[in-house]
Amino acid sequence: MQAKKLLLPLVTKTLNLNNRVVMAPMSRRRAVNGVPGPSTVQYFAQRASAGLIITDNTAVAANGIGYLQVPGIYNEEQKAGWKKVVDAVHAKGGKIFMQLVHAGRIGHPLNNEGNAPVVAPSAVQAEGVIRVPGDVHLPLPVPEALTTAGAKAMIEAHIQAAISAIEVGFDGVEIHGAHGFLPEQFLHPHTNRRTDEYGGSIANRSRFLLEIMEGVVAAIGKERTGIRLSPFAHINDLPPYEEEAATYTYLIDALQKLDILYIHLSALITNGQSSIPNSFLEDVRKQFNNLIILAGGHTAASAEALLQQDLVDLVAFGKPFIANPDLVERFRHNAELAIPNAETFYQGGDSGYIDYPAIYQLQSA
Ligand SMILES: Cc1cc2nc3c(=O)[nH]c(=O)nc-3n(C[C@H](O)[C@H](O)[C@H](O)COP(=O)(O)O)c2cc1C
């Protein structure tokens, strides 16, 4: 199928997107001390023909870094690094949002600045290992349970990070409520065993994420605020649970009341199946009036089909953007896509980062 709607502009009250192709957030782990360097500036500038770029997940606090060499947005040096990225993308007519994350229990003190202990809603350890300095893999640690005041401080860190992102020129932010990081650890009864206002009922488990969203909306505006969710994905050692669908219904209802710009659904694909049933997508469409982005295993043809059915407004592509900096132009010309090398997804250095060639020139905005 020829991509048609996928390449049409999308205009919102505050954003003019050149097309409906979103570059999905991808952690590429090339930052030194959390600061994106010149290669990151080049990497994003090369991909500026995406209708919207969403950055790597970026840490909101020194104790929420998670993986080695991920960028942050909690100090001035990091902000200055990001400003160069934003300016380069804007100079090429692109738009860019920052994905904000606190990794919670999916981290290690050795990866956190100042070896800060890993924190989470409750002291529930995740299975698995994580890479730490020296190319060693260690078991994920037992996290420290946040106090109520500690939870509020983490909410505040997200809000402050959103303010910083806007200060350096980002077009908006995406709160990472997906993939088993801190906000989803609060949502999920397996990782949230709390008895305070942030634990127990669906409303209480949702409170951490919703207070972040309310605070970010108040600080930077609803039209600059998005969220990523991964219902039914069950990664980072989160099992299925009984109230899962009801939890997301509650959450999406609250997000509609907040009138945020978008919900970005991340479908993790296994055996050709999406983690998100189509019926759920249809329900979200009815429940939420603003933009819906969907990510997970899409081609131009499958994205076009979703747009034609009016199930979503934008489609995000991850791996295809790694090896095809000119992905939008390749879609336009129905060109073959290069295959990325998974061995360089997360390793440092420029190889597999900024050396994938474009075959088409960027169309200027
Ligand atoms: C190298 C790599 C890093 C990723 N890092 C993130 C991330 O930082 N935040 C996030 O929400 N998703 C992350 N993802 C998931 C992608 O955003 C996307 O949802 C996923 O790759 C599925 O889309 P695709 O099939 O088009 O690649 C990552 C994926 C890859 C391949």
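Author: Before we start, a word on pairing: two strands pair if DSSP finds at least two bridges between them. Keep in mind, too, that this is a predicted model.

Reader: Thanks! Which residue in strand 16 is the bridge partner of Leu294?

Author: Strand 15 covers residues 291–295 and strand 16 covers residues 314–317. The two run parallel and are joined by three bridges. Within strand 16, Leu294 has as its bridge partner Val315.

Reader: What closed arrangement do strands 15 and 16 belong to?

Author: Happily, there is a clear order to follow: 3-4-5-10-11-12-15-16, with parallel pairing. From one strand to the next, the twist averages 25°. Together these eight strands make a closed barrel.

Reader: Back to Leu294: which residues is it in contact with, leaving aside its neighbours within four places in sequence?

Author: Contact here calls for C-beta atoms within 7 Å. Val315, the bridge partner, is among those that qualify. The full set is Leu265, Ala267, Leu306, Val312, Val315 and Ala316.

Reader: And which helix gives the most to the largest nonpolar core?

Author: That core has 101 residues, and Leu294 and Val315 are among those touching the most other members, along with Val22, Phe44, Met213 and Ile293. In soluble globular proteins, nonpolar side chains tend to be buried together. The top contributor, with eight residues, is helix 3 (residues 148–167).

Reader: Lastly, which elements give two or more residues to the shell around the ligand?

Author: The ligand is surrounded by 21 residues, the closest being Ala24, Ser27, Asn57, Gly318 and Lys319. By type, the shell divides into eight nonpolar, 10 polar and three charged residues. The elements giving two or more are strand 4 (52–59) and helix 9 (319–323).

Notes. Residues numbered from 1 in each chain as written. Predicted model: local features only at pLDDT ≥ 70, side-chain atom pairs only at ≥ 80, totals over all residues. Near = placed C-beta within 6 Å. Helix = DSSP H or I, 4+ residues; strand = E, 2+ residues; numbered from the N terminus. Nonpolar A, V, L, I, M, F, W, Y, C, P; charged D, E, K, R; others polar. Axes fitted to C-alpha atoms, helices over the stretch in contact; angles between N-to-C directions. Core = buried A, V, L, I, M, F, W, Y, C linked by C-beta atoms within 7 Å. Buried ≥ 20, exposed ≤ 12 C-beta atoms within 10 Å, placed from the backbone. Contact = placed C-beta atoms within 7 Å.
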